[in-house]
Amino acid sequence: MKKQVVTIHGGDVHNSHAEYIRELKASTFDLEDLLNIPVTKGWKDNLQAGLGDEYEVLSPEMPNWMNATYEEWEIWFEKLFPFLRDGAVFIGHSLGSIFLAQYFATNPDKKKPRVGVLVAAPYRETSAKDKLADFALPADLSRLE
C-alpha cells in the first residue's frame, strides 16, 4: 500500500472584506499569468515525481485562498478524511502550515498524522483584530507532540 502525503498550500487573509476588495482592485495580471506557457514548477508540483511510486501525494485546493478563513478550510479539509489512511504525512506551506498546526492541536481525535512538516509558517502573537487571528495557534501545543 502506498504511503500518503498530504500538502496544504498557502493563502492570504484580510482584516475586513473592504480590505480584501481594495487588494483585488489594486492587483493586476502579468501576461505570463494569462498564457498557458509551461513554467518551472515548485517543490509542491514536483513532489509526486520526486517521491516516486511508493507514495500517493494528495494536494487539495483549499477554498477561498485569497481571503481564507479557518472555518472554511476546516470544513474542506475534513472532506479528505474518507480518502486518508492512518499514518499519512502532512506538509503545510505558509498559511497551510499554521492551519495544520492549529487543526491538529485542537482536534487530536480526528486524524493522527505520522508526521507534520511546516514550511514557511507565519507566526506572531495575534490579537482578535489581527488578520491571522482566525488562524491562531492555541496556547497549549502539547497535542502536536
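## Strand pairing, core and open spaces in a predicted model

Valine 5 stands opposite valine 89 in β3, a position that introduces the strand pairing of this predicted model. The strand pair in question is β1 and β3, which are joined in the parallel sense over four bridges. On a second pairing, β1 is joined to β2 by four bridges, and these two strands also run parallel; here valine 5 has valine 57 of β2 opposite. The pairing continues from β3 (residues 89-93) to β4 (residues 115-119), two parallel strands linked by five bridges, with glycine 92 placed opposite leucine 118 of β4.

The pairings can be set side by side as follows.

| Strands | Sense | Bridges | Residues standing opposite |
|---|---|---|---|
| β1 and β2 | parallel | four bridges | valine 5 and valine 57 |
| β1 and β3 | parallel | four bridges | valine 5 and valine 89 |
| β3 and β4 | parallel | five bridges | glycine 92 and leucine 118 |

**Overall arrangement**

The secondary structure of the protein comprises five helices and four strands, and from the N terminus onward these elements follow the order β-α-α-α-β-α-β-α-β. Taken along the principal axes, the C-alpha atoms occupy a box of roughly 45 × 45 × 25 Å. Of the 145 residues in the protein, 30% are buried. Strand β1 is largely enclosed by the rest of the structure, because five of its six residues are buried. Further along the chain, β3, helix α5 (residues 95-106) and β4 together form a β-α-β unit that is right-handed.

**The nonpolar core**

Which residues touch the most other members of the largest nonpolar core? This core has 22 residues, and those with the most contacts to other members are Ile8, Trp73, Phe77, Phe90, Leu95, Phe99 and Phe135. Two or more residues of the core come from each of β1 (3-8), α4 (70-78) and α5, and α5 gives the most, with six residues.

**Pocket and cavity**

The largest pocket has a volume of about 300 Å³, and it is lined by 17 residues, of which Phe104, Pro113, Gly116, Arg143 and Leu144 are the closest to its centre. The elements that supply two or more residues to this lining are α5 and β4, and β4 gives the most, with four residues. Sorted by class, the lining of the largest pocket holds ten nonpolar, two polar and five charged residues.

Proline 113, one of the residues closest to the centre of the largest pocket, is found in the loop between α5 and β4. Because its relative accessibility is 24%, and buried means under 20%, proline 113 counts as partly exposed. Between the C-alpha atoms of proline 113 and serine 97 there is a separation of 14 Å, although the two residues are 16 positions apart along the chain.

Closed space is found as well, since the count comes to one cavity of 30 Å³ or more. About 40 Å³ of space lies in the largest cavity, whose lining is made by Leu84, Arg85, Asp86, Gly87, Ala88, Phe90, Lys111 and Lys112. By class, this lining has three nonpolar, one polar and four charged residues. Phe90 thus appears in the lining of the largest cavity and also among the residues with the most contacts in the largest nonpolar core.

**Backbone angles and a helix residue**

Most residues other than glycine have a negative phi. Asparagine 64, in the loop between β2 (55-58) and α4, has instead a positive phi, near 50°, and with a relative accessible area of 36% asparagine 64 is partly exposed. Serine 94 likewise has a positive phi, near 60°, and is placed in the loop between β3 and α5; at 23% relative accessibility, serine 94 is also partly exposed.

Is lysine 44, of helix α3 (residues 43-51), buried or partly exposed? Its relative accessible area is 27%, so lysine 44 is partly exposed. Lysine 44 and lysine 110 lie 66 residues apart in sequence, and their C-alpha atoms are 25 Å apart in space.

How values were computed
Residues numbered from 1 in each chain as written. Predicted model: local features only at pLDDT ≥ 70, side-chain atom pairs only at ≥ 80, totals over all residues. Heavy atoms only, no water. 1 Å grid on protein atoms, 1.4 Å probe; cavity = no way out; pocket = protein on both sides within 12 Å on 5 of 7 lines; lining within 4 Å. Points joined across faces, edges and corners; volume = space filled by probe spheres on them. Nonpolar A, V, L, I, M, F, W, Y, C, P; charged D, E, K, R; others polar. Pairing = 2+ DSSP bridges. Right-handed = clockwise from strand over helix to strand, strands pointing away. Core = buried A, V, L, I, M, F, W, Y, C linked by side-chain atoms within 4.5 Å. Buried < 20%, exposed > 50% of the residue type's maximum accessible area, 1.4 Å probe, protein only.
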